[in-house]
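Hi there,

I'm passing a structure on to you, and I've added some notes on what turned up in it. Have a look at it first, then read on.

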Amino acid sequence: MGRENPAAEEALCLLRSRLCDPNFIFKPLSDSPDSNYSKLKFMISSSITEACNNSVLLLGPRGSGKVAVLELVLRDLLLEYPDMISVIKLSGLLHSEDVCAFKEIARQLCVENQLLFSKMASFDDNSQFMIAMLRECGLAHKTIVFVLDEFDLFAQGKQRLLYSLLDAMQSVTSQAVVIGVSCRLDADQLLEKRVRSRFSHRKLLFLPPSSEDLQRLMEHILSLPIDSSLPQDYAVEFNAKLQNVLADKRFKVIIDTYMNSDSTANHLLGFLFRAVSNMKLENGFLTLENFEAALSNVQRQPKLESLKDCSIVELYILVCMKRLEVKEQNSYNFNSMMKEYKSIHDSLRTPDYYSRSVCLRAFEHLLQRELISFTDKRGQNQSVEFHPVKLLVSFHELHQGLKSYRSCPAILQKLMAG
Amino acid sequence: MPAIVNRKPSLLAVSADYDGVVAVQLDKIGDDFRSNPLSTPQKRTLRSNSTPISTPVKWKSPRRSVNASPNCPPNAIERDVDGRLPKISKSLVKKLADNFAVKPNWNPRDAEQMRAVKEALHLSTSPPVVVCREEEQNKVLEFCKLCIKQEKAGSLYVCGCPGTGKTLSMEKVRRLLVDWTRENGLQQPDLLVLNCTSLTNTSDIFSKILSKSQSQKRSTGTTSPLKLLQNIYSQKPQESSRNMTLIVADELDYLITKDRAVLHDLFMLTTLPFSRCVLIGVANAIDLADRFLPKLKSLNCKPMVITFRAYSKDQILKILEERLMSLPYVVFQKIALELCARKVAAESGDMRKALNVCRSAIEMLEAELRESPNYLSLSPVEKAVIGQQTAPAPDVLEKREIDVVRIDHMVVALSKTYRSPVVDTIQSLPQHQQIILCSAVKLFRGGKKDTTIGELNKCYTDICKSTLIPPVGVLELSSMCKVLNDQGLLKLGQSREEKFKRVALKIDEEDVTFALQGIRFFRSCLQ
């Protein structure tokens with residue numbers, strides 16, 4: 001069971017809750033004046049104070065924090081200018097139909113202004129209502145902020161909603177800001193000519209954080225606060241050990257390998273959550289092993305694990321099939337594989353030569369384990385030996401599997417390579 | 001700023017000695033003289049004495065015109081000009097005003113000025129004078145006048161690219177028409193202005209026309225509004241002459257249905273013997289009348305077509321200057337405005353874009369202001385006080401006063417508007433995704449348009465092997481392709497098996513090559 005370490009448990013809870021809170025994560029990324037947060041905030045606040053309409057598009061891969069930063073900006077602006085902003089949120093997945101969209105806008109406007117919403121209102125009524133509300137809010141110096149999530153889905157069909165919104169912004173009487181969020185870089189190319197003409201081409205690109213930003217982000221998230229309910233010396237020692245881990249070269253290799261395929265902030269947070277959960281509660285400090293374990297947890301290779309459980313015969317079969325594929329034989333079956341096996345045996349004088357029946361048994365075993373399979377489902381009447389087969393593991397995975405096999409004969413490795 | 005100085009010598013000749021007199025006074029006022037030798041702060045009253053090209057009326061949005069009046073001068077001028085100007089003879093002023101209205105530079109730190117400038121350049125403010133469209137407006141106006149005078153019906157089709165001033169011109173024509181009918185004692189036509197996007201059904205337009213023209217007749221259940229209208233217009237009117245109806249239908253192509261009936265019937269209304277409506281349709285397509293109304297041609301009543309061509313560079317420049325003319329200060333460098341006009345005219349000729357770019361350039365200036373040190377934000381009085389007490393550091397004095405929007409601001413604004421984010425995104429993609437794009441480029445070089453994930457995987461593995469990066473498996477590759485598909489860089493097809501999904505490249509090969517040229521490996525790979 002181990003010694004109960006309440007401080008460590010509390011620290012674990014704190015770290016986990018931080019990792020799940022997007023506001024906390026994106027705050028340090030927003031402090032510089034050059035960041036997207038400050039640009040967006042300046043844009044919206046100047047639209048509010050100067051009462052001019054604006055539209056902006058937030059672009060970036062999924063998980064790069066577009067909606068999180070937007071929420072942060074809106075929250076700060078609602079604190080700064082209470083009663084001067086009302087926010088209407090639409091999502092392209094739910095409201096891409098014009099009728100649904102106008103209904104939802106009308107409903108949200110009613111909720112904001114404590115009016116009664118009627119479900120029976122027609123499309124015409126809803127759009128007239130929206131225009132009237134825009135005019136009223138313009139007179140009252142209240143800005144309406146429209147947030148359109150999955151903006152590229154609104155650009156399907158006739159784009160009536162986008163046209164009406166952007167056209168309403170062309171009139172002097174309304175005061176609105178339209179913010180589109182999309183992961184498609186060419187979202188504004190999807191718009192019709194006249195809608196695109198009314199859209200002011202402001203785009204904010206959300207790029208994945210650079211390595212310095214990543215380093216700073218990890219320090220910010222994982223460092224424990226000194227002046228909190230945690231014991232001070234524990235927190236100080238924790239932070240010192242953390243600094244050591246972060247500066248370690250092997251740690252950099254781990255992070256680089258992990259972020260090589262997906263470098264968004266969200267992806268990193270998943271990894272950190274796993275690492276933090278691996279923290280041993282006895283000593284209560286984050287070590288390099290936690291991160292290494294998290295990496296191996298994430299990069300699971302189910303086929304490799306199957307390969308590790310294979311017998312030597314099965315490995316021989318797989319290697320022979322690989323050689324046949326490399327020789328560009330498009331279809332081969334058990335018999336051709338046996339021929340290849342024989343020729344290897346003859347040329348290299350391998351010590352283990354298995355009989356045909358043993359190989360056939362191993363072959364069926366591989367078929368069951370789905371490491372190889374038949375190329376087509378027809379002709380099941382044919383016996384197993386004549387049926388064309390193919391490999392379901394890639395050459396790279398086979399290579400990895402042989403390397404990590406506990407007692408792989410050297411000949412197999414040579415055969416793989418050559 | 002050499003460009004400005006070179007352009008002004010001919011105008012300077014007129015005011016050579018004038019400058020000498022003013023130079024001494026100007027040092028006290030500010031550093032404006034150094035940046036713009038011709039700018040002299042003028043009293044507002046002088047300008048109203050001279051004869052400008054058109055009276056610049058300060059227009060205000062209906063919200064904010066509570067206390068302000070067109071004659072109240074802006075604050076900055078009052079502050080700077082009070083009692084410091086020499087007496088300027090009126091003849092000199094007249095000569096200058098004829099050539100070029102000399103104005104001081106603006107002070108971007110003044111919130112009131114900033115607001116006024118942004119409002120002047122905003123898309124929603126409609127200028128009182130619509131320049132560069134006089135010819136087209138006259139044509140439409142003449143057509144409407146003719147129809148009203150002869151009490152005949154007619155149809156007109158206005159077409160042009162977005163942002164060419166069609167709706168704006170129609171507004172102007174309407175107002176002019178109303179004034180004209182009032183002046184000439186003719187009966188004012190009923191006006192119906194509608195945007196066809198706001199119609200739920202395309203045939204609702206007829207009920208709208210009906211309600212406008214005849215308020216008593218309501219469509220019963222059996223006769224549709226269209227039938228009623230056709231009946232009304234085919235019969236001789238019982239009462240005395242009815243009003244003409246002027247219908248302006250914006251975004252006409254929303255009325256195009258599969259059988260093209262609505263559009264056709266709408267235009268046919270004007271051909272009926274006793275029809276009283278003048279129809280003006282506005283749309284983008286130039287050949288809408290030919291393509292969708294072929295039958296009208298056979299009846300010899302095709303609508304007259306007026307094309308609003310895209311703005312040229314000179315027109316855009318003129319319109320921008322017209323908007324800025326009412327402001328009593330200089331906001332942009334002339335060459336910055338020219339660059340903007342040239343670029344926008346070359347690309348689309350869309351006026352909205354030009355206005356957006358100008359506003360963007362002002363925001364660049366604001367950003368520069370926010371980053372500049374606080375010294376330059378002090379008022380002249382404080383500066384003088386500090387100057388007496390301590391010797392100011394030489395580098396601070398040499399900093400330029402940030403006032404007009406310079407050409408570098410405009411260049412940044414233009415690049416932000418026109419540059420696609422593709423290159424930046426590719427450069428910040430994780431390594432494996434970059435290799436995937438690279439292998440896609442290599443595969444599609446031979447003229448092939450798409451391939452499968454299996455092929456892509458082979459190419460990808462080859463590239464990875466050549467540089468000893470361990471390649472990822474097919475499943476991971478396929479999920480990375482999905483991410484690239486979401487971003488709009490690749491196009492992924494559907495298939496039951498992962499390996500047979502079709503992959504196509506959606507961006508230009510040159511973009512990928514350009515974005516990755518900084519990395520030696522990709523450079524050699526893509527050669």
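How many Å separate the centres of domain 2 of chain A and domain 3 of chain A, taken over C-alpha atoms? The answer is 59 Å. Please keep in mind that this is a predicted model.

To place those domains along the chain: domain 1 of chain A is made of two stretches, 6–18 and 213–298. Domain 2 covers 31–205, and domain 3 runs over 304–417.

Now to where the two chains meet. Chain A brings 52 residues to the contact and chain B brings 53. Together they bury about 4,600 Å², with 48% of that area on carbon and sulfur atoms. Three residues, A:Val172, A:Leu185 and A:Arg194, account for 15% of what chain A buries against chain B, more than any other three residues.

A:Arg194 is worth finding in the viewer for another reason, too: A:Arg194 forms a salt bridge with B:Asp253, and their closest N and O atoms are 2.9 Å apart. In total, 6 salt bridges are counted between chain A and chain B. Across this interface there are also 19 residue pairs in polar contact.

Which elements should you look at on the side of chain A that touches chain B? Those giving two or more residues are the helices α3 (36–50), α6 (123–139), α8 (160–168) and α9 (193–198), along with the strands β1 (54–59) and β5 (202–205). Sorted by class, that side of chain A has 17 nonpolar, 19 polar and 16 charged residues.

Enjoy exploring!

Note on methods
Residues numbered from 1 in each chain as written. Chains lettered and ligands numbered in written order. Predicted model: local features only at pLDDT ≥ 70, side-chain atom pairs only at ≥ 80, totals over all residues. Heavy atoms only, no water. Contact = heavy atoms within 4.5 Å. Buried area = accessible area lost by both parts, 1.4 Å probe. Salt bridge = Lys/Arg side-chain N within 4 Å of Asp/Glu carboxyl O. Polar contact = N/O pair within 3.5 Å; in protein donor to acceptor, adjacent residues only side chain to side chain. Helix = DSSP H or I, 4+ residues; strand = E, 2+ residues; numbered from the N terminus. Nonpolar A, V, L, I, M, F, W, Y, C, P; charged D, E, K, R; others polar. Domains from an automatic or database assignment.
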